[in-house]
Amino acid sequence: MTTLATTDTPLSDVLDAGLAERITTAFGHRTVGDLLHTLPRRYRQHGQRYDKRDLVDGERVTVIGKVTTAQTRNYQTKQRQMREMLTLTVEDGDTTFRVVFFAGRKIKFMLPVGTLAMFDGTVSRFRRSLDLKHPEFLVLRPVTGAGGQLKGSGDLAALARLSEEIDAEGGPSLFDRPLLPVYAAKEGVTSWDLLGAVVTALRALVPVVDPLDATVRSAAGLMDLDEALRKAHLPENSREKDQAGYRLRFDEALALQLLLGARRRFAARDPAPASPLRGNGLRAAMEARMPFDLTDGQESVLEEISTDLTRDEPMNRLLQGEVGSGKTVVALLAMLQVIDAGRQCVLLAPTEVLAVQHHRSLTAMLGDLGERGRLGAAEQATHVVLLTGSMSTTQRRAALLDIVTGEAGIIVGTHALIQDSVEFFDLGLVVVDEQHRFGVRQRDRLRAKGREGLVPHLLVMTATPIPRTIAMTVFGDLEVSELQELPGGRRPISTSVVPAREKPRWLERAWDRVREEVDAGHRAYVVCARIDADDAVNAGDDDEGGDDRGSDKPPLAAAVDLRDYLSTGPLAGLRIGLLHGRLPPEEKDATMASFAAGGLDVLVSTTVIEVGVDVPEATVMVVMDAERFGVSQLHQLRGRVGRGGLPGLCLLVTNSHTGGRSMERLDAVAATTDGFALAQLDLVQRREGDVLGDAQSGALSALRLLSVVDDGEVIEIARRYADEILGTDPGLHGHPALAERVRRLAGSEESDYLFRY
């Protein structure tokens, strides 16, 4: 083993080989830096006491207390061996623990009454007592007073030997520290294993060179990096702990913002196809015939986008807005501006159902302005083409021909558009719907299909509202525009929770409401979490409140079975259709078209109708097993009703118990239609990794300390400094340590092309 180490030194050079291997297996840590960036889960303070009411059976606890009684008794094991059991009473402040050692013959001499000791083990409740059975222990102060050899067992004993070494060197004992770090354990690695490893690594660590200069540290109020790495684990007080944690979170935020800033700058390197606004083109013709006025929000956002499109610098903009806020109309007018400049536009959708719906709605909105090549088409008309993976060879060949010749001005499609076989005549704008379904590389592959030397403009849209700091982090390479008001004629959606288990009559009334809406000439959705009885849950299994689980919990409603039940039961006589992801594309399209045209009264569906589907006559939605869906997903779903100027009604059917966390979540959805407030609630409850998804998260998966939910202030400050650094050193040539941090975050492949300029 080496006596000196840097953050890049392999753990096996500093630690015992077995411990290093176990830490690598459990946590993936390979270097000293990896280990030191794993911060304690909490700190055990001297004088800190447990509240008996807060202790959970099976929880691992560390008790520091005095032995007040000691009793022994003999017993016979199953192998007929005689053993001596030692039972201690240990008082930790106002909480008393019963500590039991089944082989206590030697231990009783180390832990006599009056001894102050530390015990680490799993707590169990027996009647009114709190038990620790055969915990690890360490004598902190023997009865005879200070001095003498430290005594203990297990990892604590090993830690005691390390503490003795520190004592011999004149350092403070680990166990006399005001704050004792407690780490999250994993199989094969205890908290004390990690503490011993961290202390060993810190003792070997040479002073760490800070990648930030003193002026930046001073301006941002940051602790020196070397001090932060040490104080994060072994602070003298809470202030040091907080300052150290802040510095390390700032470093992660800065690396992430440098990466996002580099992406922004890289995207702006190559010129874009400038598309100036024409006063007598397709866009002007479309605006003149629209049967409604744009909202102030739509006008403002459209002006931002139009200005971006006129430049020869690629637009990179995120358009986020409430369900039904009119994003599609804004996107269409932006596309027509690009078509007026002689170029093509792509609208990328995550599913075939949504792609077909977009193709149908764009064609309908354009009318004769979208009928190029047909009799009766307007003089400056364009052509809207659909391209999906399920199209026949003949259909696909015809679509590809229209795309490559420039006959098609707007191309709507799914991932099939990204394939190498798709060539464009002159791609000027890429519109990505429901951005969270696509990764950065997917949208970049599509943008790479522009004419040589030109990068198409990019507009990504999402109906999942994202709070500002989240958008700034996850979409940090994009400018953000927001639509928060609803267009004129849109009516608020009323949402009610239907507790089916506790009030079955309410569910009967829900089906009555569906029939009433259909009798009034309207249509209804019924949404299920799975397709059939053998299917896994399609919705995010988001039943967080263990309060709702149990053997008596009813099975989830399946779309296939529910359609059959409704057809012969509560909704008998109504025309009921079925839509789910396993149906052939032609059948899905035919079903959706029939529902939109009025050929079906009720559509029983999975979440394939979650986004983009627009049927103005649909006024009511029943969501079965609503507790299985996330908050934002429920908000998305209910946005499918009330889109035609008629009041919308959403009924959330649940088997959750009143007072449980799942019911609280549903009540929150029912209480507000503010998507941004609900998105924040969803992020707080489920955390960003679950909500944002892998494709959207990107480098977030590499973050260990930073939370985009909790650390908004840190992120904003880091973004400001990242912009300053990149403004003077875009390639980070003068900041090699920062460049290395970004390289680890992004991966060498991406960082190589981002910073090679």
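A residue counts as buried when its relative accessible area is under 20%.

**Figure 1. Overview of the predicted model of the protein chain.** Of the 757 residues in the protein chain, buried residues make up 55%. The chain holds 25 helices and 21 strands. Among contacts with a separation of 6 or more, 72% are between residues 24 or more positions apart. The average pLDDT of the protein chain is 83, and 85% of the residues score at least 70.

**Figure 2. Two stretches with pLDDT under 50, residues 540–552 and residues 689–698.** Throughout residues 540–552 the pLDDT remains under 50, and the model gives this stretch 35 contacts beyond four places in sequence. Residues 689–698 likewise have a pLDDT below 50, and here the model has 17 contacts beyond near neighbours in sequence.

**Figure 3. The open sheet of six strands.** The strands follow the order S16-S21-S20-S17-S19-S18 and pair in parallel. The edges are formed by strand S16 (493–499) and strand S18 (576–579); each has a single partner strand, so one side of each lacks a neighbour in the sheet. On average, neighbouring strands of this sheet are turned by 20 degrees against each other, direction ignored.

**Figure 4. Pairing of strand S21 with S16 and with S20.** S16 runs parallel to S21 and is joined to it by seven bridges. Within this pairing, proline 499 has threonine 654 of S21 as its bridge partner. Five of the seven residues of S16 are buried, so this strand is largely enclosed by the rest of the structure. Strand S20 (residues 618–623) also runs parallel to strand S21 (residues 648–654), and four bridges connect the two. Here valine 622 is positioned opposite leucine 651 in S21.

**Figure 5. Helix H17 against the sheet strands S17, S18 and S19.** Helix H17 comprises residues 559–568 and lies across strand S17 (523–527), S18 and strand S19 (602–605). With respect to S18, the helix runs at about 180 degrees.

**Figure 6. Packing of helix H9 against helix H11.** Two packed helices are described by the angle between their axes and by the distance between those axes. For helix H9 (residues 282–289) and helix H11 (residues 327–340), the angle is about 145 degrees and the axes are 7 Å apart. H9 contributes Leu282, Arg283, Met286 and Glu287 to the contact, and these meet Leu332, Leu333, Leu336, Gln337, Ile339 and Asp340 in H11. By class, the residues of the contact of H9 with H11 comprise six nonpolar, one polar and three charged.

**Figure 7. Helix H5, a mostly covered helix.** Twelve of the 14 residues of H5 are buried; among them are Trp192, Leu194, Leu195, Val198, Val199 and Leu202. The buried set also includes Ser191, Asp193 and Gly196. Helix H5 (residues 191–204) should span 20 Å at 1.5 Å a residue, which agrees with the 20 Å between its end C-alpha atoms.

**Figure 8. The surroundings of leucine 726 in helix H23.** Helix H23 covers residues 712–728 and contains leucine 726. Leucine 726 has a relative accessible area of 1% and is therefore buried, the cut-off being under 20%. Arginine 265 is 461 residues away from leucine 726 along the chain, yet the C-alpha atoms of the two are separated by 8.9 Å.

Key
Residues numbered from 1 in each chain as written. Predicted model: local features only at pLDDT ≥ 70, side-chain atom pairs only at ≥ 80, totals over all residues. Heavy atoms only, no water. Pairing = 2+ DSSP bridges. Axes fitted to C-alpha atoms, helices over the stretch in contact; angles between N-to-C directions. Contact = heavy atoms within 4.5 Å. Buried < 20%, exposed > 50% of the residue type's maximum accessible area, 1.4 Å probe, protein only. Nonpolar A, V, L, I, M, F, W, Y, C, P; charged D, E, K, R; others polar. Expected span 1.5 Å × (residues − 1). pLDDT = per-residue confidence, 0-100.
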